[in-house]
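Work through the exercises below with the sequence and coordinates at hand. Each task is followed by a solution in steps.

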Amino acid sequence: MPGDAEYDASFIDNALEVMDEHSFIVGSRKIAGEYAGKTFLRKFLSHGLNFLTTLLFSSKAIESSGVKLFRRNWALRRVHNLVETGFPWQIEIMYYALLDGLNIKHVKSKTLQRRDISKSSVDIINTIYVLFNATLKYGFKLRKARLKRMLNMPN
């Protein structure tokens, strides 16, 4: 979970309830209806990123940003492959989950609005650019890997 206490801890209970059947859990603000009350720009950007992720990755990836829970043994095998830092890490980890065929489940994840987001230090234009590029990069990498598998080509 992010260290800024943005997410309600109920995500952990929601995730643990389905962990036996699923190996990769994504906290979804979309499922929780958490976009109500957000500014138009924030809703537009969130829905846009979700749409692009679903389009390029899979219908199993309805939301890539947010809190996640996954199995330790898988993470230990994959940690040496991770290259992204900051926000794009969320896109990259979803890429590996789909590449490895993990059973993905989205569960409700509520955010805590403890701070005034208008005073955020996040550069929104740069963040949009970085997330858009990461989504394109890993979306196309995933499609390429799937095509190679389908054609039985070596990596």
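A residue is called exposed when its relative accessible area is over 50%, buried when that value is under 20%, and partly exposed in between. The model is predicted; its mean pLDDT is 83, and 84% of the residues reach 70 or more.

**Exercise 1.** Determine which residues of helix α2 are buried and which are exposed on the other side.

Solution.
- Step 1. Locate the helix: α2 covers residues 40-56. Its 17 residues reach 24 Å from first to last C-alpha, close to the 24 Å expected at 1.5 Å a residue.
- Step 2. List the buried positions, which are Ser-46, Leu-49, Asn-50, Leu-52, Thr-53 and Leu-56.
- Step 3. Check their directions: the arc around the axis is only 165°, which places these residues on the same side of α2.
- Step 4. Turn to the other side, where Phe-40, Phe-44 and Phe-51 are exposed. Phe-40, for instance, has 67% relative accessibility.
- Step 5. Look for a nonpolar patch: Phe-40, Leu-41 and Phe-44 make one of about 390 Å² on the surface.
- Step 6. Note the confidence: α2 has the lowest mean in the protein, 84, whereas helix α3 (residues 72-78) has the highest, 94.

**Exercise 2.** Apply the same analysis to helix α1 (residues 10-18).

Solution.
- Step 1. Phe-11, Ala-15 and Val-18 are the buried residues of α1.
- Step 2. Viewed down the axis, the buried residues fall within an arc of 65°, so they line one face of α1.
- Step 3. Asp-13, Leu-16 and Glu-17 are exposed on the other side of α1.

**Exercise 3.** How many salt bridges does a search of the whole structure find, and which parts does the pair of Asp-100 and Arg-78 tie together?

Solution.
- Step 1. The search returns two salt bridges.
- Step 2. In one, Asp-100 pairs with Arg-78, with the closest N and O atoms 2.6 Å apart. Asp-100 sits in the loop between α4 (88-99) and β3 (104-108) and Arg-78 in helix α3, so the contact ties together parts that are 22 residues apart in sequence.
- Step 3. Classify both partners: Arg-78 is buried, with a relative accessible area of 16%, while Asp-100 is partly exposed at 29% relative accessibility.
- Step 4. Glu-84 forms a salt bridge with Lys-137, the closest N and O atoms being 3.0 Å apart. This pair links distant parts of the chain, the loop between α3 and α4 and helix α5 (residues 124-150), 53 residues apart.
- Step 5. Lys-137 is partly exposed, at 40% relative accessibility.

Notes. Residues numbered from 1 in each chain as written. Predicted model: local features only at pLDDT ≥ 70, side-chain atom pairs only at ≥ 80, totals over all residues. Heavy atoms only, no water. Patch = residues over 30% accessible without salt bridge, like charges linked within 9 Å, V, L, I, M, F, W, Y side chains within 5 Å. Areas by Shrake-Rupley, 256 points an atom, 1.4 Å probe, with all protein chains shown as cover. Salt bridge = Lys/Arg side-chain N within 4 Å of Asp/Glu carboxyl O. Helix = DSSP H or I, 4+ residues; strand = E, 2+ residues; numbered from the N terminus. Buried < 20%, exposed > 50% of the residue type's maximum accessible area, 1.4 Å probe, protein only. pLDDT = per-residue confidence, 0-100. Expected span 1.5 Å × (residues − 1). Arc of directions from axis to C-beta.
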